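Visitor: I am new to this structure and should be grateful for a close look at a single part of it. Please choose a suitable residue as the starting point, and then lead from there to other parts.

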Amino acid sequence: MNKLTIIGNLTNDPEMRTTQDGKSVCNFSVAVNRRKKPGKEQETDYFRISAWNGTAESCAKYLTKGRKVCVIGSVSVHPYKDKNGDPRAS
């Protein structure tokens, strides 16, 4: 089973777009603070989220930067190369 649940705050306003075949997709990032360890600085993980179709439309309508959200869904990794040709993953 591939399922992830994260709770955090939106780092920016969602960006809504439509694909060439008419599907709605909404992209946004969520910052999740890790538990702080004694004597250490707070660590934060950032997750890039893509919501599709009806969920995308709801996200674009109701979510704004700074809002706390819970995201539940599957995880997928997409490899690509950056501007310098270095391998990256999204």
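Guide: Let us begin with Arg34, which is partly exposed, with a relative accessible area of 42%. Please bear in mind that the model is predicted. Arg34 lies in the loop between E3 and E4, whereas Asp45 belongs to strand E4, so this pair ties together parts that are 11 residues apart in sequence. The tie itself is a salt bridge between the side chains of Arg34 and Asp45, with an N to O distance of 2.8 Å. Side chains of opposite charge can pair when their charged atoms come close. Asp45 is partly exposed because its relative accessibility is 25%, and the range for that class runs from 20% to 50%.

Arg34 has a further partner. Its side chain also meets that of Glu43 in a salt bridge, here at 3.1 Å from N to O. Glu43 has a relative accessible area of 44% and is therefore likewise counted as partly exposed. Taken together, Arg34, Glu43 and Asp45 form a network of salt bridges. A search of the whole structure gives three salt bridges. Another of them joins the side chains of Asp82 and Arg88, at 3.2 Å from N to O. Arg88, at 45% relative accessibility, is partly exposed.

From the loop we may turn to the strands. Strand E3 covers residues 24–33 and strand E4 covers 44–52; each supplies at least two residues of the largest nonpolar core, as do strand E1 (4–10), helix H1 (53–62) and strand E5 (68–73). This core has 13 residues, and those with the most contacts inside it are Phe28, Val30 and Val71. The largest share, four residues, comes from E3. Val71 shows how such contacts reach across the chain: leaving aside residues up to four places away in sequence, it touches Leu4, Thr5, Ile6, Phe28, Val30 and Ile49.

Strand E3 is also the place of Ser29. Ser29 is buried because its relative accessible area is 17%, and the limit for that class is under 20%. With residues up to four places away in sequence not counted, Ser29 touches Asn9, Leu10, Thr11, Asn12, Phe47 and Arg48.

Leu4, one of the residues that Val71 touches, is found in strand E1. At 32% relative accessibility, Leu4 counts as partly exposed. Together with Val75 and Val77, Leu4 makes a nonpolar surface patch of about 240 Å².

One further residue deserves attention, for its backbone. Asn53 has a positive phi of about 55°, although it is not a glycine. Asn53 is found in helix H1, and its relative accessible area of 39% makes it partly exposed.

To return to the starting point, the side chain of Arg34 is thus part of a network that also includes Glu43 and Asp45.

Technical notes: Residues are numbered from 1 along each chain as its sequence is written. This is a predicted model: local features need pLDDT of at least 70, side-chain atom pairs count only at pLDDT 80 or more; totals for chains, interfaces and linings use all residues. Side-chain values use heavy atoms; hydrogens and water are left out. A nonpolar core is a set of buried Ala, Val, Leu, Ile, Met, Phe, Trp, Tyr and Cys residues joined through side-chain atoms within 4.5 Å. Buried means under 20% relative accessible area, exposed over 50%, partly exposed in between (1.4 Å probe, protein chains only). Contact means heavy atoms within 4.5 Å. Patches are made of residues with over 30% relative accessible area and no salt bridge: like charges are joined within 9 Å, nonpolar side chains (Val, Leu, Ile, Met, Phe, Trp, Tyr) within 5 Å. Accessible areas come from the Shrake-Rupley method with a 1.4 Å probe; for residues, only the protein chains shown count as cover. A salt bridge is a side-chain nitrogen of Lys or Arg within 4 Å of a carboxyl oxygen of Asp or Glu.
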